[in-house]
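Student: Here is a model I want to go through. Please justify each label against its cut-off.

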Amino acid sequence: MPLSPSIIERLARARGDLRMGVPVVLTSGSAAALAVAVEALTPVRLADLRRLGTPELALTARRAETLKARPYDGDLARLALPEEAGLEWLCAMADPADDLRVPMKGPFLCLRGGNPALHRAAIHLAKAAHLLPAALLVAVPDGAETAALMNLTLIDLTEAAPELERASPLSEVVSARLPMVASTAGRVHIFRPEDGGEEHYAIEIGQPDRKAPVLARLHSACFTGDVLGSLKCDCGPQLRAALAQMGAEGAGVLLYLNQEGRGIGLANKMRAYSLQDQGFDTVEANHRLGFEDDERDFRIGAGILRTMGFGAVRLLTNNPRKIAMMQGHGINVTERVPLRVGQTDQNAAYLATKAAKSGHLL
Ligand SMILES: Nc1nc2c(ncn2[C@@H]2O[C@H](COP(=O)(O)OP(=O)(O)OP(=O)(O)O)[C@@H](O)[C@H]2O)c(=O)[nH]1
Ligand SMILES: [Zn+2]
């Protein structure tokens, strides 16, 4: 139908649906299932899903490791929902907040064989919606019919797979002059992705020569550090120091990427902070929540730089992964410019963990 939503638009809708606790219908070949994010599930919806069939819980292998559940599919574990399990059980499986106080007791009935594609896609969508990576699925005989009958968003994975893999193209919406403390010659550019995801910003200082390597910083959003002056990380001082150096040199570009909490979203980052107060470090906290250490997609930064006409950078960073990712996505890093500011007693352990576990250069 001419005005019907495309797969990109339906994926955006699916992310919104999951956040609202509305099921989405996933299909792959002859397999079909209703999927909901555990975090947004209500008792009424859970009862409705149980009436429809036998729900299965999908968790990442990272979360399964803490729960001592078997991740038979490699990157994820599928568990049969016990008869007596209610919303409280499901939330405790998904959210590690009370793991130490009330450890979840197995044995869990971990499923193997069959096709885990629908479960994997549900986890992918939950992460993209910045929810905990845990989903409940109920198989249905006919996906298209169920979606039409219940007025739910239908995602066919054969159609969706290329979209889930690629970095969405971004285009510039607007730019405007912004005098700043660091430089009066500032300009803010707003970039909007095609897939309805987060907008990202580029702050251009002066008029950098497109033919020479530009002093550049890829800054990931940190509400707590950038805005609140948190002492738990070094983001705020790094942001200001990068802009100051660009101002002093008279030219540079800072990308402000809205990938809060290394891509897990602010709510999940605050969950990670709670776990850090229970004694886990920044990497362990991400894993217990079911995430990888770093869920950011650096292709976005490379794409914005290319769109702006930059092919080579002098990159302000202590993170070797950022350098590798830029090189791998068409941006030549001619020099690494260290950015060591903002060390405090409160962030010493955080910075030491990044050096020890994430390869950060001290
Ligand atoms: N998940 C999680 N994210 C955090 C934590 N502390 C800070 N962050 C996020 O980490 C990101 C910081 O990234 P960057 O400033 O790019 O730093 P980096 O990857 O360490 O690399 P460089 O600063 O370039 O050396 C921001 O998105 C913060 O919100 C934490 O404990 N857990
Ligand atoms: Zn920070």
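A short exchange on labels and their criteria follows.

Tutor: This is a predicted model: local features need pLDDT of at least 70, side-chain atom pairs count only at pLDDT 80 or more, and totals for chains, interfaces and linings use all residues. Residues are numbered from 1 along each chain as its sequence is written, and chains are lettered from A and ligands numbered from 1 in the order in which they are written.

Student: What makes the chain as compact as a globular protein of that length?

Tutor: Take its elements first: 15 helices and 14 strands. These are DSSP runs, with helices being H or I of at least four residues and strands E of at least two, numbered from the N terminus. The radius of gyration is 22 Å, and the globule rule gives 21 Å for 362 residues. The radius is taken over C-alpha atoms, and the rule is 2.2 Å times the number of residues to the power 0.38. The two values are close, so the chain is as compact as a globular protein of that length.

Student: Why is cysteine 233 called buried?

Tutor: Buried means 20 or more other C-beta atoms within 10 Å of the residue's own; exposed means 12 or fewer, partly exposed lies in between, and C-beta atoms are placed from the backbone. Cysteine 233 has 20 such neighbours, so it counts as buried. It lies in the loop between α8 (223–227) and α9.

Student: What makes cysteine 235 buried?

Tutor: Cysteine 235 has 20 C-beta neighbours inside 10 Å, so it counts as buried. This residue lies in helix α9. Across the chain, buried residues make up 41% of the 362.

Student: Which residues does each cysteine touch, not counting residues up to four places away in sequence?

Tutor: Contact means C-beta atoms, placed from the backbone, within 7 Å. Cysteine 233 touches Cys222, Gly225, Asn347 and Tyr350. Cysteine 235 touches Cys222, Gly225 and Asp226. UniProt, in an unreviewed entry, lists Cys222, Cys233 and Cys235 under "binding site". Such annotations may be inferred rather than shown by experiment.

Student: Which residues come nearest to ligand 1?

Tutor: Ser220, Cys222, Thr317, Asn318 and Asn319, out of 22 around the ligand. To be near, a residue needs its C-beta atom, placed from the backbone, within 6 Å. α10 gives the most to this shell, with three residues.

Student: How do the shell residues divide by type?

Tutor: Six are nonpolar, 11 polar and five charged. Ala, Val, Leu, Ile, Met, Phe, Trp, Tyr, Cys and Pro count as nonpolar; Asp, Glu, Lys and Arg as charged; the others, Gly among them, as polar.

Methods:
Two residues are in contact if their C-beta atoms, placed from the backbone, lie within 7 Å.
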